[in-house]
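Trainee: Before we go through the details, could you show me how to read a helix, a sheet and an interface, taking each feature in turn?

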Amino acid sequence: MKETDLKRAYNNVLAQAISTSQKFLFAGNLFGDIFVLSLNELNKTNEEPPKKLKVFPQGCDVDINCLAFHRDFLIVGAIGLIYGIQWNEEEETLSTKRAWEIKIPMQVDAVEVPDVNSFWLCTETDSLYAGCGDGVVYKIDLEDGRIQREYRGHTDYVHCVVGHPDGRIYSSGEDGTVHFWSDKQKEPTAILEPHKNAQLLRPDWGKWIGAVSVNNDWLVCGGGPRPAIWHLRSMECTRTFDYPGRVHVCEFVDDSVLIGGEHNHVQFYTLNGALQANIPVEHTASYSAVWQTSPFNFMSIAGFSNKLHILKDFRFLDSKIEMYGNVQGDEVENEEQDDNDDDDDGEDDSF
Amino acid sequence: MNMEDLLSTQFVKLKQAMDDLFELKSAGHVLELKQSSGVLMFVALKHANRKVKRNIKSGRDELHLQKSKVDLSRLQLQNLLYEVSHLKKEIVRCQKFKSRDTYLELLSDKEYASKFADEGSDKTNMSDHQTHLYRLECELRLRKELDNQYSALLTSKQELLQDNLKQTQKYLSFAPALRTLLESTKPLHDALQLSLDVEWKLSSIFKYLPRALYILFINLQALQRTRKEFASKVVGFESDQQMQELLLETENTLKERRHFTEKSNSCEAVPDNTLDRVLKCHPLHIHLVIDSPDKSSELVLIVRYWELLKCVTVRAQLNSTNNSNFQGDANLVEDLLGHLYPDDTGDHIPIPGIEYELQNLNLTAEQCLEYLVENGFGKPYCWLQSMCSIATVNKKQHFKHEFNLHKWIRKVFTRILKRWRSWLRLTQQIRGLTYKDVDLSASKENIYPDGLSCSLVQWTAISSEEFNIQNAGLIYNLTPSNGITYTSYRAVIVRGSAKMECFIRIPSNYPLDIPLWILSVHWNGRHTSMNNAAIKMMEFWTNSLQPSQLKKGNRLLYSQLFRTIYSFDIFLETEGAMQTVREYNKEKPYISTFTKRIRLRPYKYIMKGSTFTFKQ
């Protein structure tokens, strides 16, 4: 299978981010490529075909696990490493050099370099919370790149971390728990274990919690167990959702809850648990959803497929955008390949 | 005082005197004195008259003088006028004048400068005309010299011809003697087992080969001396006479064809059987025999030259020496040659401008190709034309004219052999899998022999349609194939109650493209790359194996199979960890069951020293 075909068939997009200017969408995949989509192109009313994407390869050894955008930096979470790259808005280019790098410290008993699985960016305090493969959430000061605090408590790796500007942090992990943290307290303020709730447990799929999201009073989380809404103070499960797959994405979007994961649909539910919208996707599994409500409504859902799914009213699928095969300068690459035809070696089995 | 006044004063005076006299007379006076003074006046009058006469004469003389002057100047002017008209005529004539040298073909400026560089040193102060004249002079000289040389050469040529004639006659006189010598030494040849005859015969064939084939053949002969894998020979030769006849015939058909084109302009339709006549290939063709890498069969390439199409075609056939025909052999050769170079499938005639020449004959390139393929003459691949030093234009309009034939032919052969070897290895692997006559657990591609828990229970060929039906989702994502055909297989791998179906698609341009695997796990429902990310990652891991990553001696298909088997094991073991009733325990060495948000399983294997681990 040729490399281009291989990448098209097995493109796995784990992370997306929208720029501060709200004009560009970044999508990073496990092949180490970051695609940049100009959102203005989507909003055009005329009939012209939209411009192709730009791609900025980070090297094939870089797994892009998560992305965040801060000021004019794109922050990439890779394996054992967080780095920032400058985004030039005028020229629409990502710098090829890393502006800064933060290494995740290896634990004493660790055998493997931990992944950086999830970011939550607190713009009010300029701090970045990174949920990592060693089960620790690191609070990083973006001013000086210091690790300010480590939130220890998970017994397996962290899937997802979200928070509140007032210092409340919530992290979910492979160990099946959601830890509630406060910046004033070393120990977690509370621990939620959805798999202990018989109503939620789906035994074949395990106890892991793949995604968590909060608003002022409510928390939604899911993974192996069914997705459900919990009240933040009473810690009680008030509503469960009938999402048929494993959950990798759940978010509060306006007054509804978005749930996605290993299923050929992503779904919107009302807070009462009623299905609002059932959106078919091509992803084998959806791993990332980013959205904005101003200057215009826009949501992009990405996952294990070569297409970004774009929603404009959060109820219906608007368009699908191909990634590999829809990149500026593709044609030139093809030409170059032809020139290498004379290469006689390296195409056979090795002898 | 002018003449009129002179006379009139005299007359006035005379009249006065007369009047006075008349008065006096009428008064009766007679005055003698007055009369005499009056008479004197007549004298004065006479004097005045004479004076006037003289004046008139001198005036007339002067007039005459002036008149002659005027006449003279008039004459001069006339002369001038005449001269002007004459000059005008002269100018016109000058203008109409053309020197003969303008009709001469002169040397170009550059040549002239180089030939007469030393002589024309003083031409800086010459006018254009002068330099031209000088140049003409020089060239005249040169021409004369050359003419001399020419005649000298002509005479020497004549002499040589004469000489030649003499020598030929001389040698011809030897012929009968030599012939008798040959006859008489024949028994000696036989006794010594010399094969001089054969070589003579061969070289006599060469001269009838068309240019392209001749070039190919000579190069092959040269290569044959160093490499033993192949042999070449010219086929179609019977006798000199037959050859001559054939050549004559071709010439005739050529003429006929010309005639035919003239005719065909009037009647448009070309009957199909004429294609046979018009396209006729050269009677001689080259047989090229290549031994297979394992010496079990030989590949015969029949190279023909087509006068009209100006290209060569190759038809291949496989002669097996030990009748062990297996599936895929029939297409093997065609696939081998058709995909030797990318985008060179021989589906068009790669000769520049051939369409137009064919158009003149009311033919199309497609028609000709169809004819070639239908009648089993093979295809005109670009690489083949290059072997015969024929310029080609490929589908992308790249022009190529190979001159380093020696290198190119060697390269093509190496490539054919290499491809063939890969194919043989592949067919061997497939045969091994189909008939299960390989011990998989002992195979060297088995990376972790202790941990092989799955078993391959079935490997069968399926039709492409079946393959496409099974895997509609993924095929849709791939770039369209150009001229590549696929053979598909279905493999079944079993472990406990779990079953995995693998659909394998092998492209005809292997090993340019490598086999594609599509997996489908049947265990608590059907899991494919369409509905299960873990299966999709597994499939990616299998398909991402590139031949360049293989260890020395490892076979691709087996390596892919083992990758798949281990991935399946890992899948079951990691999936099983969550089951309430465990069916599969962890048997493989891996550190973490899942990593990342996608819950990636440790499909990859790494060898660190002697320890073997699976990793994400």
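Mentor: Keep in mind throughout that this is a predicted model. With a helix, one starts from the expected rise of 1.5 Å a residue, and for the 65 residues of helix α2 (residues 32-96) of chain B this gives a span of 96 Å, which agrees with the 96 Å between its end C-alpha atoms.

Trainee: How many of the 65 residues of α2(B) are buried?

Mentor: A residue counts as buried if 20 or more other C-beta atoms lie within 10 Å of its own. In α2(B) the number of buried residues is 0, so the helix lies largely in the open.

Trainee: In which order do the strands of the open sheet in chain A run?

Mentor: One reads a sheet by following which strand pairs with which, and here 4 strands of chain A follow one another as β5-β6-β7-β8, with antiparallel pairing. The edges are formed by β5 (66-70) and β8 (93-103) of chain A, each of which pairs on one side only, while the twist from one strand to the next averages 25°. Within this sheet, β6 (residues 73-77) and β7 (residues 81-88) of chain A are joined by 5 bridges in the antiparallel sense, and A:Leu74 has A:Ile85 of β7(A) as its bridge partner.

Trainee: How many residues of chain A are in contact with chain B?

Mentor: For an interface, one counts the residues on each side and then asks which elements supply them. Here 39 residues of chain A contact 44 residues of chain B. On the side of chain A that touches chain B, α1 (3-9) and β9 (116-122) of chain A each supply at least two residues, and α1(A) gives the largest share, 4 residues. By character, that side of chain A divides into 12 nonpolar, 14 polar and 13 charged residues.

Key: Residues numbered from 1 in each chain as written. Chains lettered and ligands numbered in written order. Predicted model: local features only at pLDDT ≥ 70, side-chain atom pairs only at ≥ 80, totals over all residues. Contact = placed C-beta atoms within 7 Å. Nonpolar A, V, L, I, M, F, W, Y, C, P; charged D, E, K, R; others polar. Expected span 1.5 Å × (residues − 1). Buried ≥ 20, exposed ≤ 12 C-beta atoms within 10 Å, placed from the backbone. Pairing = 2+ DSSP bridges. Axes fitted to C-alpha atoms, helices over the stretch in contact; angles between N-to-C directions.
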